[in-house]
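The following account leads the reader through one structure, beginning with a single side-chain pairing and widening from there to the chain as a whole.

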Amino acid sequence: MEWDSTTHLLAAAVDHLAVANWMTATINSGEDADPQTYPEAVPRPGVDAVKADDSSTRGTDDSVPTPADLARFFA
């Protein structure tokens, strides 16, 4: 089953909201708190799922900002 443009846009909105919620939770967690798990994207039809250990979609693990980095950015 193929998606129409409205369904693709809705999935993109859900993905962006999940990332925004992740960012908010990361910023508001304590410095000693465990890092929040980055949200997975809504699966799209016709797109193979990326392996959980494949970081090529977001860069390396070093590119994920720490809570301190996010706090400095939004200060």
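In this predicted model, the side chains of D15 and R44 are joined by a polar contact of 2.6 Å. The pairing also qualifies as a salt bridge, with nitrogen and oxygen 2.6 Å apart. It links distant parts of the chain: D15 belongs to helix α1, R44 lies in the loop between α1 and α2, and 29 residues separate the two.

The surroundings of D15 deserve a closer look. Helix α1 covers residues 5-28, and D15 is located within it. Is D15 buried or exposed? Its relative accessibility is 14%, and because buried means under 20%, D15 counts as buried. R44, at the other end of the salt bridge, has a relative accessible area of 23% and is therefore partly exposed, since that class lies between the 20% and 50% limits. Apart from residues up to four places away in sequence, D15 touches E40, A41, V42 and R44.

How many salt bridges does a search of the whole structure find? The search finds 2. Besides the pairing of R44 with D15, a salt bridge is formed between R72 and D69, whose closest N and O atoms are 2.4 Å apart. Here the partners both lie in helix α2; because they are 3 residues apart, about one helical turn separates R72 from D69. As to accessibility, R72 counts as exposed at 57%, whereas D69, with a relative accessible area of 31%, is partly exposed.

The description can now turn to the chain as a whole. Its secondary structure consists of 2 helices and 0 strands. The chain has 75 residues, of which 8% count as buried; D15 is one of the buried residues. The accessible surface amounts to about 6,200 Å², and carbon and sulfur atoms contribute 57% of that area.

Contacts along the sequence complete the picture. Among contacts in the chain with a separation of 6 or more, 60% are between residues 24 or more positions apart. The salt bridge between D15 and R44 likewise links distant parts of the chain, with a spacing of 29 residues.

Key. Residues numbered from 1 in each chain as written. Predicted model: local features only at pLDDT ≥ 70, side-chain atom pairs only at ≥ 80, totals over all residues. Heavy atoms only, no water. Helix = DSSP H or I, 4+ residues; strand = E, 2+ residues; numbered from the N terminus. Buried < 20%, exposed > 50% of the residue type's maximum accessible area, 1.4 Å probe, protein only. Polar contact = N/O pair within 3.5 Å; in protein donor to acceptor, adjacent residues only side chain to side chain. Contact = heavy atoms within 4.5 Å. Areas by Shrake-Rupley, 256 points an atom, 1.4 Å probe, with all protein chains shown as cover. Salt bridge = Lys/Arg side-chain N within 4 Å of Asp/Glu carboxyl O.
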